Amino acid sequence: MCCEQPFNTSRVRPSFKKATVTDSDFCIHYKAVNPDYYVVRVCPYCGFSFSESFSESMTAKHKSDYYEKLGRSWNALDLTGERGWNEALQSYKLALLCAQIKGEKDRVIAGLLHHIAWMYRYKANKEQESRFLQFALDAYVRVYEVEGTDVNNARLMYLIGEINRRLGNYHKAVLWFGRVINDKSIMDAAMIRASREQWVQTREDMLAAQMELPEEMKQGSS
């Protein structure tokens with residue numbers, strides 16, 4: 001995309017994608033090979049890293065900015081073959097830098113930050129997971145502020161609620177889940193159901209933390 005040199009990169013065959021469980025924020029855990037390790041493509045020649053979500057256009061300024069900030073110091077690292085956790089994390093962090101340099105949309109950056117949080121979840125690193133969940137949350141909120149009122153994006157609203165819940169921001173989580181549940185224009189049955197389930201989960205979280213429940217929760221189910 002940047003140096004325009006063609007290269008091959010590894011992907012996981014569909015037959016090898018064996019999921020075991022999906023978390024409430026859509027993080028999928030796999031039995032053996034994790035296809036999430038191969039989402040990011042890393043050019044072995046110039047180091048520019050990207051996913052399918054990146055915009056295809058790359059201007060001369062994008063390229064010069066990339067070479068100035070990252071490309072000049074690229075050490076010809078080859079991440080095109082089999083990846084373990086470390087290589088996968090490195091590829092996501094490279095893609096995040098490239099997305100920021102290229103000025104990709106907040107939705108793309110939010111997705112990368114969320115995936116990095118998942119990478120740390122796979123290793124049960126709570127501190128780093130929470131750190132990147134917060135970064136992802138901030139980016140998702142920016143997405144909503146820019147486009148959320150124009151598009152009926154129940155999944156985005158649900159995600160903002162769920163990440164708030166995971167970070168212990170229970171009152172904010174309740175508000176976001178409530179928006180999905182109560183907005184009559186939302187027709188996404190799966191997200192309405194998920195929001196109801198996580199609204200109940202948030203209530204249980206607050207009771208477990210001995211927190212004061214908001215009025216709508218004292219009255220029973222939403």
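**Close-up views of a predicted model**

Y66 is buried, with a relative accessible area of 0%; here, buried means under 20% relative accessible area, exposed over 50% and partly exposed in between, using a 1.4 Å probe and protein chains only. Before we zoom in, please note that this is a predicted model, where local features need pLDDT of at least 70, side-chain atom pairs count only at pLDDT 80 or more, and totals for chains, interfaces and linings use all residues. Residues are numbered from 1 along each chain as its sequence is written, and side-chain values use heavy atoms, with hydrogens and water left out.

**View A. Y66 and its neighbouring ring Y67.** Y66 and Y67 form an edge-to-face aromatic pair, 5.6 Å centre to centre with 65 degrees between the planes. Rings of Phe, Tyr and Trp (its six-membered ring) pair if their centres lie within 6.5 Å; planes under 30 degrees apart count as stacked, over 60 as edge-to-face and the rest as tilted. Unlike buried Y66, Y67 is partly exposed, with a relative accessible area of 30%.

**View B. F48 meets Y66.** Searching the whole structure turns up 10 aromatic pairs. One of them is edge-to-face and joins F48 and Y66, at 5.3 Å centre to centre and 85 degrees between the planes. This pair links distant parts of the chain, 18 residues apart: F48 sits in the loop between β3 (41-42) and β4, and Y66 in helix α1. Helices (H or I, at least four residues) and strands (E, at least two) are DSSP runs, numbered from the N terminus. F48 is buried, at 1% relative accessible area. Stepping back, ring pairs link F48, F50, F54, Y66 and Y67 into a cluster.

**View C. S55 and its polar partners.** Look for S55 in the loop between β4 (49-50) and α1 (60-69). Its relative accessibility is 31%, so S55 counts as partly exposed. The side chains of S55 and K102 share a polar contact of 2.6 Å, and those of S55 and E104 share one of 3.1 Å. A polar contact is a pair of N or O atoms within 3.5 Å; within protein, one must be able to donate a hydrogen and the other to accept it, and residues adjacent in sequence count only if both atoms are side-chain atoms. From C-alpha to C-alpha, S55 and K102 are 9.4 Å apart in space, with their positions 47 residues apart in sequence.
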